[in-house]
Amino acid sequence: MTGKEDSLAKKTSAIIFAVSLYWIVSISMVFVNKYLLSSSNLQFDAPLFITWFQCVVTVGLCWLLAQLAKYQPGLIKFPAFSIDPKIAREIMPLSFVFVGMITFNNLCLKHVSISFYMVVRSLTTVFNVVLTFIFFGEKTSHKALGCCGIIITGFLLGIDQEKGLGSLSLAGVFFGVSASLFVALNAIYTKKSLNFVENNIWKLTMYNNVNACIIFIPFILLFGEHNEIFSFPLLFDSFFWFTMVIGGVLGFSMGYVTSLQIQATSPLTHNVSGTAKAYAQTLLGVFYFNEIKTFLWWASNVFVLLGAALYSHVRNQEMKAKHRESLENPQKDAGIKNIENEEQITDSSQLKN
């Protein structure tokens, strides 16, 4: 095997590994969370506590990785685990958005089936377009808006078909739309907050989850989940806590596998992979739970997937065009980099999807 062939084989293997790991972690996380949130075997009605515990696990893993990096710097690179109260306060607005995002996401998953989860959570791209215009005044091309229209069509058709099948949850739809809005907000606030942590996404993860652990406590008490926790018959069951820890580890791992996939491929390929993964997840949900769906229900999924894929393609083409323009006009180069960074932050903000 020549050097070129060997290099190509290694690159291909790295891509296959990164994409496969992303799919396995992401799909596993959805199924584990669905089990914790709405399993008839558990009957544990404490979604805020479950989400809080996942944040606690993330903080614990950040501490563990920081210790490994401290004593084995050649093995792993991770920022030191230290909390500056001033930085924590600066990041607090993002943390409230983050808490809203993961809470609404888990509440949506609690009330809707895994097969319908993709459609009911499909408006993130639409909210990205709207909020980018509100916060930054950036206008979206007619082609990209057309793609958003396809997504909205799929979303509305999916709701209509789910209603016809008698399995529509209005609460699930509300939580799904809210989660999509907060995912888009999270992308914007993440971009603003990275400056406070030297643009280190792992440091931001650490601060964000420490803040979230504190924010969740009064809400857990306010909604009376402490009563549910103390009366839960499986509170001291080892398998229950094992599943809780696995859910937290998978949630934390999403940050790593998302970055790994983007690094091994590209933001566009990551979006395409995420879209394909969502469809595979839908198929698994249908077959695992033996669901029967109508032709138009499947059509709604196709609309959502097609709109998302076309939007990624259109945005990629627009960025390439702007990049070529920046080569002719170097003063615009900084603006192009900001757009590219925003696209990548949007990808990383959808970790709980």
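What span should the 27 residues of helix α3 have, and how far apart are its end C-alpha atoms? In this predicted model, helix α3 covers residues 85-111 and, at 1.5 Å a residue, should span 39 Å. The end C-alpha atoms of α3 are 37 Å apart, which agrees with that expectation. Helix α3 nevertheless contains a kink of about 50° at Met 92, shortly before the proline Pro 93. At the start of α3, the backbone nitrogen of Lys 86 has a side-chain oxygen of Asp 84 within 2.9 Å.

Helix α10 can be read in the same order. It comprises 27 residues, 238-264, with an expected span of 39 Å at 1.5 Å a residue; its end C-alpha atoms lie 37 Å apart, in agreement with this value. A kink of about 30° is centred on Ser 253 in α10. At the start of α10, a side-chain oxygen of Asp 237 comes within 3.2 Å of the backbone nitrogen of Phe 239.

The discussion now turns to the interior. The largest nonpolar core holds 80 residues, and Phe 44 and Phe 216 have the most contacts inside it. Helix α2, residues 47-71, supplies the largest share of this core, namely twelve residues. Leaving aside neighbours within four places in sequence, Phe 216 is in contact with Leu 48, Thr 51, Trp 52, Cys 55, Val 99, Ile 102 and Thr 103. A second core, separate from the largest one, consists of five residues, among them Val 97, Leu 131, Ala 184 and Leu 185.

Helix α2 also contains Trp 63. Is this residue buried or partly exposed? Trp 63 has a relative accessible area of 45% and is therefore partly exposed. Its C-alpha atom is separated by 30 Å from that of Cys 108, a residue 45 places away along the chain.

The cysteines remain to be considered. How many disulfides does the model contain? The count is zero. For Cys 147, which is in no disulfide, the nearest cysteine sulfur is that of Cys 148, 6.9 Å away. Why is there no bond between Cys 148 and Cys 147? The closest cysteine sulfur to that of Cys 148 is the one in Cys 147, and because the two are 6.9 Å apart, they are too far for a bond; the cut-off is 2.5 Å. Cys 147 is buried, with a relative accessible area of 5%. Cys 148 likewise counts as buried, at 5% relative accessibility.

Technical notes
Residues are numbered from 1 along each chain as its sequence is written. This is a predicted model: local features need pLDDT of at least 70, side-chain atom pairs count only at pLDDT 80 or more; totals for chains, interfaces and linings use all residues. Side-chain values use heavy atoms; hydrogens and water are left out. A nonpolar core is a set of buried Ala, Val, Leu, Ile, Met, Phe, Trp, Tyr and Cys residues joined through side-chain atoms within 4.5 Å. Buried means under 20% relative accessible area, exposed over 50%, partly exposed in between (1.4 Å probe, protein chains only). Helices (H or I, at least four residues) and strands (E, at least two) are DSSP runs, numbered from the N terminus. Contact means heavy atoms within 4.5 Å. The expected span of a helix is 1.5 Å times one less than its number of residues. The bend at a residue is the angle between axes fitted to the seven residues ending there and the seven starting there. A polar contact is a pair of N or O atoms within 3.5 Å; within protein, one must be able to donate a hydrogen and the other to accept it, and residues adjacent in sequence count only if both atoms are side-chain atoms.
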